[in-house]
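Biologist: I would like a close look at one part of this model. Please take me through it step by step.

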Amino acid sequence: SHHHINLDQPIPRKPILNGDNHLHYTPAISGASTPASTASPGPLSAEVYFASHVAPKSLPENAEKIRAFVDRHMHEGRRVVLVTSGGTTVPLETQTVRFIDNFSAGTRGATSAEYFLEQGYAVIFMHRQFSLQPYSRHYSHARNCFLEFMEADDQGIHVMPAYVEKMKLILEKYRATQKAGLLLTLDFVTVHDYLFLLREAAQIISKMDVNAMYYLAAAVSDFFIPQDKMSEHKIQSGDGLLNLSMDQVPKILKPLVNDWTPKAFIVSFKLETDEALLPTKSRQALKRYGHQIVIGNILTTRKRVVKMISADDETEIRLTQEEDEVEHIEIESRIVPALIEKHTEWIEACGKRGECG
Ligand code: PMT
């Protein structure tokens, strides 16, 4: 969604990588009704996307893990939330040396996952490889390397006394979660991995009906280079100019809501940098996709303030300066319980929608 790159209009078909460092596409269908230079095929439908791309190799194995996880927790009467976290990439070459990335450290997703676990949800944590994860996030940040918390002496290595109390608490939660099998972690790198994995997961989770929640905090690429247009090898540098032409990633929230998992409680995020755009864009997303909640946030203030928007309600969650800077309260500790309350209402009202059982 938030590429800092100039994108040309997508022009259909075959890549020709010529010596002057430009990636050109020649139209596959000559005599198409619109001239190739100005043609925009418009957004690809999700259906066409999935039909024309090969699934990632790891998909069947991941599907098996999701199936076993969902079956177990369904059987034990637990609710399940699928949390997506981190940014997706768009490779520029099949043998990828370069790619475009989407901004997200994974803090929102990893932090929220912990609060969902605390509230008794089983969590499928679908995250960008090497982005932050529940529990380990407290010690894996670049400024917070775990080595900073350790000391060595004649007896061996231990955690420095000042950090023991907090680490013990986190370690206990981490172990308990592992032991109870409440957290399933799956990773993705490219937007392609993400789309296939999300669809697969949703189709399996759909058997949970209203008891499933989706918490879509990942930052998903809006533009990509289709497999049949991508350069196989590293694009060579030469005259210092590279033109990229990309297609639009299909909007997957629509099939998710309407086809893959129609009864679930779905929460999406909207990230903007312009405050003035946020309310309209959030409402637009809610209307366009027909899901339950959009959480709007601004890049620079996302850890202190969010807006929760549903069809009939708009609530701001805002930390005071004291809560933020002195008490170090995490805003996710307010977001998650508020959502769980809404999820409970959603489950209780399923009869009205004819969606129970
Ligand atoms: O990870 P952090 O550093 O803590 O940052 C958290 C965050 C700012 C990334 C997070 O709070 C957030 O806002 N995530 C959404 C970011 C975003 O830009 O979303 P989007 O505009 O790509 O997509 C909006 C919604 O549409 C998302 O729910 C997404 O799943 C969905 N979408 C996106 C692309 C696409 N092709 N189809 C979709 O349905």
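Biologist: Which residues in the largest nonpolar core touch the most other members?

Modeller: This is a predicted model, so read what follows as computed from it. The largest nonpolar core has 73 residues. Val83, Val123, Ile124 and Ala201 touch the most other members. In soluble globular proteins, nonpolar side chains tend to be buried together.

Helix α6, residues 191-205, gives this core its largest share: ten residues. Now take Ala201. Set aside its neighbours within four places in sequence. Ala201 is then in contact with Ile66, Leu82, Ile124 and Met126.

Next, the helix pair. Two packed helices are described by the angle between their axes and the distance between the axes. Helix α2 covers residues 59-75. It packs with α6 at an angle of about 30 degrees, and the axes lie 10 Å apart. Angles under 35 degrees count as roughly parallel, so α2 is roughly parallel to α6. The crossing of the two helices, α2 and α6, is right-handed. From α2, the contact uses Leu59, Asn62, Ala63, Ile66, Arg67 and Val70. From α6, it uses Phe196, Leu197, Glu200, Ala201, Ile204 and Ile205. Ile66 and Ala201 both belong to this contact, and Ile66 is also one of the listed partners of Ala201.

Now the sheet. It is open and has eight strands, with mixed pairing. The order is β9-β6-β3-β10-β13-β14-β15-β16. At the edges are β9 (183-188) and β16 (313-318), and each pairs on one side only. From one strand to the next, the twist averages 15 degrees.

Helix α3, residues 107-118, packs on this sheet. It touches β3 (80-85), β6 (122-128), β9 and β10 (212-216). The direction of α3 makes about 165 degrees with that of β3. Two of these strands hold residues named above: Val83 and Leu82 fall in the range of β3, while Val123, Ile124 and Met126 fall in that of β6.

Further along the sheet order, look at β14 (residues 293-298) and β15 (residues 305-310). They pair in the antiparallel sense over three bridges. Within that pairing, Val294 has Ile309 of β15 as its bridge partner. In a regular strand the side chains alternate between the two faces of the sheet.

One more strand pair is worth a look. Strands β7 (residues 150-153) and β8 (residues 156-159) run antiparallel, joined by four bridges. Met150 stands opposite Val159 of β8. A hairpin of two residues links β7 to β8.

How values were computed
Residues are numbered from 1 along each chain as its sequence is written. This is a predicted model: local features need pLDDT of at least 70, side-chain atom pairs count only at pLDDT 80 or more; totals for chains, interfaces and linings use all residues. Two strands pair if DSSP finds at least two bridges between them. Axes are lines fitted to C-alpha atoms, for helices over the stretch in contact, and angles run from 0 to 180 degrees between N-to-C directions. Two residues are in contact if their C-beta atoms, placed from the backbone, lie within 7 Å. A nonpolar core is a set of buried Ala, Val, Leu, Ile, Met, Phe, Trp, Tyr and Cys residues joined through C-beta atoms within 7 Å. A residue is buried if 20 or more other C-beta atoms lie within 10 Å of its own, exposed if 12 or fewer, and partly exposed in between; C-beta atoms are placed from the backbone. Angles under 35 degrees count as roughly parallel, over 145 as roughly antiparallel, 65 to 115 as roughly perpendicular and the rest as oblique. A crossing is left-handed if the near helix is turned anticlockwise from the far one by less than a right angle, and right-handed if clockwise.
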